[in-house]
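Visitor: Please take me through a close look at the core of this model and at how the elements around it meet. I would also like to hear about any backbone details that deserve a careful check.

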Amino acid sequence: MTRRVLLTALLTAGLLTGACSPDEYVAPPPTQRTEVADPAVAAETVAALQDDIDDPGALARLGADDDAAQLLAAVSRNATGLRLSDVTLRYITETGRTSGADAWDGLVAVTWRVEGFDEASARAEVPVSFADGGSRIAGIGADGARLPLWLTGPLVVRRVPGAVVAAAEPAGEIDRYARLARRAVAATRPLLGGRAGVVVEVPADAAAVDRTLGVQPGQYSAIAAVTAPVDGSQAPGSPVHVFVNRTVFDALDPTAAQVVMTHEAVHAVTGAALVQGAPLWLVEGFADYVALRDVDLPVSRTAAQVIKQVKRGGVPAALPADTDFDPTATHLGAVYEAAWQVCVVIVEHGGEGALVALYRRVLGGADVATALRAEAGWTEAELTAAWQARLALLAGVQK
Ligand SMILES: [Zn+2]
C-alpha cells in the first residue's frame, strides 16, 4: 500500500513538473498505472452493481462518499421506476487518468431496455471513477461523454397509457409532459394504429440533453424536443426515445407543446429515427401532418413562416432538401411548414390513406417516385407543382 501511494505521488509530481518544463518530464512506465488500477477488484464492484441494481441500499454502499452513495441509490431507483430489464454492467478497462492514491477512471459497458417499450437493448460505454483500489465508485460520467439519463441522478417517472415519462429532478412539469405524451400517442392511433408506445426522457436542461445524446454542446439548444436512438446506434430495433429540451419546451404554449410532442411521437412509433434514405420532407412533413391534424388554428398561423418566405422570395423551386432540416439552419420553421404542406397536398389529392401508405412504403425502403406513383398516382414533378400552387395560393402570390 505504501509503495502504491508513493508511486502515485511521484507520478503526479512528474506530471506537474512536465507541464512547467517539458524537457524534465519523464514518462512513467506503464506498470505504474496498473499499480493504481486493479481491474479484478473493479470488475467485482461493477458486477455487484449489476447484481444489486434493484437494491438502493446495497448500491449506496458501493459509493466512495455521500454524493456517490446518493447517485448509486438513485440509479437503482431509476432502474426500478423505469422497469429496466436486461441491465448488465461489465468493467472494460482503465482510461488512464488517475486521481489520488488508489483512484482511477475506467470504462464500463452498460446495457438496458425499458420493459414494454424497447424491442432491443441499448448499449453504452460509460466512464466510471473508481476509488479505494476499485472497491468503490466515486462517480459516473465524464466531460464530453455520452451518459444515459438514468445514470445521471434521481428521476421522477410517470406512466400513462401509451407512454412512460422520466424527468430529472426537480421534475417540475412532469405531469404536463405525461399528459402531452398520452395525447400524442393517442393522436397517432387513428392514422397509424398499432400498440407501440413512447418513452419520453426529460434531462435537467439543454446542456444535459446534449450529454444524454452525446452530441456537441449547443447542438440542440434551439430545439424543443428530439427523437433519437437512445445509444446513438442506427441498427434496426435499436431503442428510440423522445428527448425533451426543457429550456425551450417549457416556454411553449399548450398547443405548440402538444404539436411538438405529437410530432416526436410519430417519429418514435414509426421508427423514423432509424431509417436512412427516406427524404426528410416526408419524414418531417408527415410528423407535422399528424401533429397538426386536429389543431384548430388557421393555416395563416400554422404556416405563417413559409407564407412570409413565399411572399418575399416567391415559391421554392424544389421540395425541401434534407440539408434544409439541419437543426442549426436558419428559417427552420419555414422548412418544416413547407414539408407539412407537401403532405397536405398529397392528402388533398389522394386522401389520408395515400399519405400513410406512401410514408410506410418509403420508410420500408421503397423509392419515393415509385411509391408516390403507386399510392397517389403522381410523379414527383406533379407533386412539386401542386405544392408550389398551394404555397402561392396561401401567400397570395403568382406562382
Ligand atoms: Zn421531426
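Guide: A strand, as the word is used here, is a DSSP run of E at least two residues long, while a helix is a run of H or I at least four residues long, and both kinds are numbered from the N terminus. In that sense D86 has its place in strand β1, and I shall come back to this residue after the core. The model is a predicted one, and what follows describes that prediction. The chain holds 16 helices and nine strands, and its C-alpha trace spans about 85 × 50 × 40 Å along the principal axes. Of its 399 residues, 43% count as buried, and among the contacts between residues at least 6 apart in sequence, 60% join residues at least 24 apart.

The core itself comes next. In soluble globular proteins, nonpolar side chains tend to be buried together. Here the largest nonpolar core has 119 residues, of which V165, Y177, A181, V198, V200 and F286 touch the most other members. Helix α13, which covers residues 332-350, supplies the largest share of this core, with eleven residues. To see one of the well-connected members at work, take V165: setting aside its neighbours within four places in sequence, V165 is in contact with R158, I174, Y177, A178, A181, V200 and V202.

Helix α6 (residues 174-192) leads from there to a first helix pair, since its axis and that of helix α9 (residues 254-269) come within 8 Å and cross at roughly 55°. The pair is therefore classed as oblique. The crossing in which α6 passes α9 is right-handed. On the α6 side the contact involves L180, A181, R183, A184, V185, A187, T188 and L192, which meet A257, Q258, M261, T262, A265, V266 and V269 of α9. Sorted by class, this contact of α6 with α9 comprises eleven nonpolar, three polar and one charged residues. A181 thus appears both among the members of the core that touch the most others and on the α6 side of this contact.

A257, on the α9 side, can be followed a little further. This residue belongs to helix α9, and it counts as buried because 22 C-beta neighbours lie inside 10 Å, where 20 or more are required. Leaving out neighbours within four places in sequence, A257 is in contact with L180, F249 and L252. By contrast, the C-alpha atoms of A257 and L151, 106 residues apart along the chain, are separated by 27 Å.

Helix α13, the source of the largest share of the core, also has partners to examine. Its axis and that of helix α10 (residues 280-292) come within 7 Å and cross at roughly 80°, and the two helices are therefore roughly perpendicular to each other. The residues that meet are W281, E284, G285, F286, D288, Y289 and L292 in α10 and Y336, A339, W340, V342, C343 and V344 in α13. By class, ten of the residues in this contact of α10 with α13 are nonpolar, one is polar and two are charged.

Helix α12 (residues 304-313) is another partner, its axis coming within 7 Å of that of α13 and crossing at roughly 100°, so that α12 also falls in the roughly perpendicular class with respect to α13. Q305, V306 and Q309 of α12 make this contact with G333, A334, E337, A338 and Q341 of α13. The class count for α12 with α13 is three nonpolar, four polar and one charged residues.

The backbone details remain. The peptide bond from E169 to P170 is cis, with omega near -5°, and P170 is found in the loop between β6 (163-168) and α6. R83, although not a glycine, has a positive phi of about 55°, and R83 lies in the loop between α5 (66-81) and β1 (84-98). D86, in β1, likewise has a positive phi, of about 50°, without being a glycine. R83 has 14 C-beta neighbours inside 10 Å and so counts as partly exposed, and D86, with 14 other C-beta atoms within 10 Å, is partly exposed too.

How values were computed: Residues are numbered from 1 along each chain as its sequence is written. This is a predicted model: local features need pLDDT of at least 70, side-chain atom pairs count only at pLDDT 80 or more; totals for chains, interfaces and linings use all residues. A nonpolar core is a set of buried Ala, Val, Leu, Ile, Met, Phe, Trp, Tyr and Cys residues joined through C-beta atoms within 7 Å. A residue is buried if 20 or more other C-beta atoms lie within 10 Å of its own, exposed if 12 or fewer, and partly exposed in between; C-beta atoms are placed from the backbone. Two residues are in contact if their C-beta atoms, placed from the backbone, lie within 7 Å. Axes are lines fitted to C-alpha atoms, for helices over the stretch in contact, and angles run from 0 to 180 degrees between N-to-C directions. Angles under 35 degrees count as roughly parallel, over 145 as roughly antiparallel, 65 to 115 as roughly perpendicular and the rest as oblique. A crossing is left-handed if the near helix is turned anticlockwise from the far one by less than a right angle, and right-handed if clockwise. Ala, Val, Leu, Ile, Met, Phe, Trp, Tyr, Cys and Pro count as nonpolar, Asp, Glu, Lys and Arg as charged, and the others, Gly among them, as polar.
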